[in-house]
Each structure stands twice: as C-alpha cells, then as structure tokens.
Amino acid sequence: MDTLFNLSTLFCLISSLAFIVIFLYSTYIFYIENEKRAAFRALIIGLLLPIPYFIAWYYNYNILALVLFADLIITGLLFIYPFKTPQTICDETPLTKIDERNVMFSRNELIVGSENYKNYYTKYPEKEELDNIFRKEAGLCSDKSLFNHTFAFAAAHASFFAVGQFKKAVDGQVNSNRKETDPKKMSPFLKAWGKKLGALDIGFCELKDYHLYSHKGRGDEYGNEIQNTHSHAIAFTVEMTEEMVKAAPKSSIVMESAQQYLDSGRIAIQIAEFLHHLGYSARAHIDGNYQVICPLVARDAGLGEIGRMGLLMTPKQGPRVRLGVITTEFPLTTKDRKKLNYMLDFCLRCKKCAEVCPSKSISSDNPKKVDGVKRWQINSESCFTYWCKAGTDCGRCMATCPYSHPDNLLHNAIRFGIKYSPLFRQIAAPLDDFFYGRKPKSKKLPKWMN
Ligand code: SF4
Ligand code: SF4
C-alpha cells in the first residue's frame with residue numbers, strides 16, 4: 001500500500017507540473033494569436049488546476065493523491081476507449097451530374113434580358129424570384145456594400161484580373177514528341193514540385209463522371225456540354241492566411257480569396273503545361289473556367305472531407321484553403337482513399353459554422369438526402385445574397401471553424417485528439433466554445449490595411 005501511496009503522490013507532483021506547462025504554453029499561444037479571452041482562461045486554469053495535485057504531493061495527503069491518481073487514470077482510459085463512430089455519415093457518390101449553370105456565380109453572370117437569362121429562367125422559373133433578391137444588393141466588391149474597402153476591393157480585382165489572364169492557357173499545345181514517363185516516378189515528383197510551387201498538399205485520383213459538371217455555366221462556352229475524356233486528376237490545396245481570414249466577413253477575406261484563386265490558378269497552369277510538354281493532354285481548372293467540381297475531386301484525391309459548410313475540410317487547415325485541379329490522360333499512380341470519417345463525426349457535433357452564419361444558410365441538422373444522396377447542403381441563394389450585401393465572399397464559417405486554427409503544437413494536439421478519440425470529439429467543440437466563444441466576434445482587419 002505504501003508503494004501505491006508513494007506512486008500516487010509522485011504522480012500528483014508530475015501532473016501538477018504538466019498542467020502548469022500545458023496551460024502556460026496554451027496561454028502563450030493564445031496570446032500570440034491575439035485571443036485575449038482564451039489566453040486569460042488558459043492562464044486561470046493553469047493556475048487553479050494544479051492546486052489539488054500540488055497540495056496532495058506537498059502535504060503528503062495519501063488518500064487525496066490516490067483519488068486524483070485514479071481519476072486521471074480512469075479519464076485517460078475513457079479517452080482512449082474506442083467508442084463507436086457512425087460509419088456512413090455522408091454518402092460518397094453523387095447520383096447525378098451538377099449543371100454549372102445552376103451555380104450562383106453563373107446565375108450572377110446572367111445579364112438581365114439576354115438570351116441566356118431568358119432561357120435559364122424559362123427552365124427554372126422558381127429561381128428567378130430568389131435571384132432577384134441578390135440582384136437588388138450592392139454586389140461583390142461594390143463601393144456601396146457593407147464592408148467597402150477601396151484598396152482591398154481594388155487588390156481583389158487585380159488578382160481576379162490576373163487569374164482571368166490564365167483562362168486561355170488552361171488547354172495548352174500537347175507536344176507531339178511524347179516522352180514516355182514512369183508513373184511511379186511522376187507522382188512523387190509532382191508532389192514535391194507542387195509543394196515547391198506553393199501547394200500545401202497534393203493528391204491524385206481517377207477522374208469519375210460525377211467529378212464533371214454536365215454543362216458549362218460561365219464564359220464563352222456557356223451551355224456547352226462538358227466533354228472531358230481524361231482518366232486522372234491532380235488536386236491540390238493552397239492555404240488562405242489566418243490573418244486575412246479571421247477578419248471575415250470584412251474585406252480582407254475577398255482579397256485573400258482572390259489571391260489564392262490566382263496562386264492556385266498559376267500552379268494548375270504550370271502543372272498542366274508540364275504535362276503538355278511531356279506529350280500528355282491535360283487541362284487546368286481555374287477560377288471562372290472549371291469543368292470539374294473541385295471539392296469532390298480533392299476529397300477523392302485524399303485531401304479531406306466535405307463537411308457541414310459544404311467546403312473541403314482538410315485535416316490541418318480545415319476549410320481555410322482554396323483548391324486547384326488538373327485533369328490529364330497521364331496514368332498517375334493512385335491509392336485507395338482513406339475516408340476521414342472522424343472529421344464528419346466532429347461536424348455532426350460541432351455546428352459552430354451554422355451558429356455564426358449571418359444568413360443562416362448552414363443547417364444544424366444531420367445530413368439529409370439531397371438528390372438521393374445523404375449529405376449536408378447549404379442554402380446557396382441566401383449565402384450568395386449575403387455576399388452581395390457584404391461585398392465580400394463572407395467566409396465567416398471558414399474563420400470560425402475549429403479546424404481553421406493555426407498549424408501549431410497546441411491546435412495539432414487538439415486535432416490529434418479529434419482524430420483518435422471519439423470521446424474527445426464530444427468535448428472538443430465545447431472546449432473551443434469555452435476558449436474562443438460560441439459565436440466569436442469577427443477580428444479586426446490587419447493593421448496594415450487600415
Ligand atoms: S465549424 Fe464545425 S460543423 Fe462547421 S464545418 Fe467546421 S467542424 Fe464542421
Ligand atoms: S460564407 Fe458566410 S453566408 Fe455563406 S455559408 Fe459561410 S458564413 Fe454563411
């Protein structure tokens with residue numbers, strides 16, 4: 001018994017020191033993130049939590065030490081117990097193709113009274129009334145919008161203009177002198193080179209029918225049926241910087257989105273051109289000129305899951321990314337995708353994006369059948385209407401998602417807990433609420449933007 005008492009008191013000393021280190025480190029991280037409320041709370045916990053453990057060790061209170069010891073062991077065991085996680089939270093495969101003409105960006109580009117406008121609303125009369133609501137708002141990057149910022153909107157325009165210059169380069173000239181290339185060598189090269197170009201993560205998959213839109217909804221090819229015979233796809237993410245995202249829905253978000261559309265567009269064009277040069281057909285899918293639904297391709301290429309807010313959620317940066325895709329005839333080496341069910345399981349409980357969405361476009365319910373497929377679907381009309389009012393692409397959901405926190409030891413430890421412990425998944429969202437708030441306020445614009 002004496003040995004057990006000795007062990008318990010020693011354990012209490014180690015635990016109290018560990019709590020001090022963990023919570024002081026957390027305080028420091030929250031402080032440099034400029035999260036004052038979180039820093040204060042972490043500091044208080046760091047000062048209070050070790051007290052009973054310290055007392056038990058210092059005064060040699062054997063029974064108290066034993067109780068605290070047993071409590072920590074039982075709690076630890078509960079956290080590693082493999083409680084059951086539902087296996088099919090969302091269905092994987094869409095049953096029908098999406099028509100790009102139904103996407104809000106395409107509907108926004110319809111000129112009132114034009115042939116395309118008349119044809120579209122003759123086919124979908126129920127959408128005209130909905131779309132007239134966003135048409136009455138100021139519009140994206142408008143100086144009459146809620147978050148008008150002359151420089152930020154001009155900078156966003158400049159980035160969109162630059163990516164627009166790439167549109168004609170998406171399909172390049174394929175070298176007739178093909179250089180036979182080993183697919184096993186190609187994949188690691190593309191991964192390493194893509195990251196050097198600025199991508200965060202890269203994956204490959206076979207191109208499926210459901211990855212492709214049925215018809216083009218934007219640009220000169222409006223209404224054309226999409227023909228793409230490529231067999232494979234390369235998908236990659238680029239990071240949206242935290243500084244610009246956390247002020248969402250203020251103007252920094254649209255500036256950053258535009259910048260990352262440009263960066264992803266540039267990388268996609270470079271990779272497509274690289275394949276053309278080797279003698280393989282390839283197409284870059286970039287802002288305003290897509291044939292594919294990027295989040296579906298990126299998910300199947302193993303880069304993440306499509307969560308409650310309808311965006312790709314990556315394991316490290318959450319939805320705080322933009323995507324790029326290249327389709328090609330090159331037979332890339334692909335692996336079976338590992339489903340990241342734990343991310344969807346966390347989405348089932350978290351619901352933070354639904355809580356903060358200013359237009360209430362995100363559902364708090366469990367996934368429902370949409371066109372025969374169980375998934376989450378946001379209300380894209382009300383979301384886009386808010387964009388037109390705000391003048392930016394909002395991004396409040398992205399900024400608030402617990403997965404969007406910076407890539408550092410503290411947040412990675414939380415991500416680790418979410419990944420491996422079903423019990424931790426239950427408390428991770430309330431913990432995030434405790435430190436950051438259930439509806440954290442939008443942060444100020446970066447100082448240099450003022
Ligand atoms: S905020 Fe929560 S519910 Fe929404 S996407 Fe992120 S993890 Fe999922
Ligand atoms: S972008 Fe804004 S309006 Fe749209 S779903 Fe996210 S939070 Fe809601």
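Visitor: How do the residues lining the largest cavity divide into nonpolar, polar and charged?
Guide: In this predicted model, the lining of the largest cavity has four nonpolar, four polar and nine charged residues.

Visitor: And how much space lies in that cavity?
Guide: The largest cavity holds about 200 Å³ of space.

Visitor: Which residues are the closest to its centre?
Guide: Those are Glu35, Lys246, Ala399, His405 and Tyr436, out of the 17 residues that line the largest cavity.

Visitor: Which elements give two or more residues to that lining?
Guide: They are α16, residues 396–400, and α18, residues 422–436. The largest share comes from α16, with three residues.

Visitor: How many cavities of 30 Å³ or more are there?
Guide: The structure contains two of them. The second largest has a volume of about 80 Å³.

Visitor: What lines that second one?
Guide: Its lining includes Arg308, Met309, Phe346, Lys351 and Tyr403, and among the others are Cys347, Cys350, Cys353 and Cys401. Two elements, α13 (341–350) and α14 (352–356), each give two or more residues to the lining of the second largest cavity, and α13 provides the largest share, three residues.

Visitor: How does that lining divide by type?
Guide: The lining of the second largest cavity has nine nonpolar residues, no polar ones and three charged ones.

Visitor: Changing topic: how far does helix α1 reach?
Guide: Helix α1 covers residues 2–32 and spans 45 Å from its first C-alpha to its last. That is close to the 45 Å expected for its 31 residues at 1.5 Å a residue.

Visitor: Which residue with a positive phi follows α1?
Guide: That residue is Asn34, with a phi near 65°.

Definitions and conventions: Residues are numbered from 1 along each chain as its sequence is written. Chains are lettered from A and ligands numbered from 1 in the order in which they are written. This is a predicted model: local features need pLDDT of at least 70, side-chain atom pairs count only at pLDDT 80 or more; totals for chains, interfaces and linings use all residues. Side-chain values use heavy atoms; hydrogens and water are left out. Helices (H or I, at least four residues) and strands (E, at least two) are DSSP runs, numbered from the N terminus. The expected span of a helix is 1.5 Å times one less than its number of residues. On a 1 Å grid over the protein atoms alone, a cavity is a set of points where a 1.4 Å probe fits but cannot get out, and a pocket is an open set with protein on both sides within 12 Å along at least five of seven lines; lining residues have an atom within 4 Å of a point. Grid points are joined across faces, edges and corners, and a volume is the space filled by probe spheres set on the points. Ala, Val, Leu, Ile, Met, Phe, Trp, Tyr, Cys and Pro count as nonpolar, Asp, Glu, Lys and Arg as charged, and the others, Gly among them, as polar.
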